[in-house]
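Colleague: I am new to this structure and would like to learn how to read the place where parts of a chain meet. Could you take me through it step by step?

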Amino acid sequence: MRLAELSERSGVPTATIKYYLRERLLPPGERITATKSEYGEEHLRRLRLVRSLIQVGRMPVATAREVLEAAEDESLSQNARMGAAVWALPHGAEPDEDDPHAARAREQVDTVLRRMDWSHGQELGDTSPAYRMLVAAIASLDRLGYPHDTEHLLVHARLAGELAVADLDLVETYDTPPERIEAVVALTVLYEPVLLSLRRLAQTEESGRRFAE
């Protein structure tokens, strides 16, 4: 297909496609004349992935390029490729290393990971953005005096573990590593509002049962 058809089928403006080509986010098409190239289905798939990273995942172009390079690096495991994409997503606040609440929160996070037997999380520790985000969140609870005992956190962790199984079952329905990376990014970003909404609806339902009178 020509550039105009690629734009029409992908829903990406031609100017944006040209920008992606210049930034090496999209491989060049097959040159047919000095000024024209043809593009195939692989370009459509790559455009979907690029849009997932930049538009859905809100990644800077340079970061998206690194993720795409990792996605194509066959020396890496699928876990490493998908992990590179998820780690590149925007995360929450970082813990303040000088805050004593953060030190206590880090100990509590380590306890939760150990109790859940999440060996990968224990091994990655502070290098994981999600680990640091959890430390910062628990430090805020501690600082403001709200409950955050380990047993209560474990309830959330067990539910998160069940959700992770469902998420990865869905990701496995995609055939290729690039498709799975696209799915991981899109589903991580797009399902988080779904989870928040469902939690609030469930709380509304439970509150109605307990406190309606």
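Modeller: Let us begin with a pair of charged side chains in this predicted model: the side chains of Arg48 and Glu182 meet in a salt bridge, with 2.8 Å from N to O.

Colleague: How many salt bridges are counted between domain 1 and domain 2?

Modeller: The count between the two domains is one salt bridge, and the count of residue pairs in polar contact, with both residues at pLDDT 80 or more, is also one. By class, the side of domain 1 that touches domain 2 has three nonpolar, one polar and two charged residues.

Colleague: Where do the two domains lie along the chain, and how should I read the size of what they share?

Modeller: The domain assignment gives residues 3-56 to domain 1 and residues 92-211 to domain 2, and their C-alpha centres lie 35 Å apart. The size of an interface is often given as the accessible area lost when the parts come together. Here domain 1 and domain 2 bury about 590 Å² between them, 70% of it on carbon and sulfur atoms. On the side of domain 1, Leu49, Ser52 and Val56 lose the most area to domain 2, together 67% of what that side buries. In terms of contacts, six residues of domain 1 touch eight residues of domain 2.

Colleague: Turning to a single residue, is Ser10 buried or exposed?

Modeller: A relative accessible area under 20% is the cut-off for buried, and Ser10, which is found in helix H1 (residues 3-10), is buried because its value is 15%. Leaving aside residues up to four places away in sequence, Ser10 touches Ile17, Leu44, Leu47 and Arg51, while a polar atom of its side chain lies 3.4 Å from the backbone oxygen of Ser7.

Key. Residues numbered from 1 in each chain as written. Heavy atoms only, no water. Domains from an automatic or database assignment. Contact = heavy atoms within 4.5 Å. Buried area = accessible area lost by both parts, 1.4 Å probe. Salt bridge = Lys/Arg side-chain N within 4 Å of Asp/Glu carboxyl O. Polar contact = N/O pair within 3.5 Å; in protein donor to acceptor, adjacent residues only side chain to side chain. Nonpolar A, V, L, I, M, F, W, Y, C, P; charged D, E, K, R; others polar. Helix = DSSP H or I, 4+ residues; strand = E, 2+ residues; numbered from the N terminus. Buried < 20%, exposed > 50% of the residue type's maximum accessible area, 1.4 Å probe, protein only.
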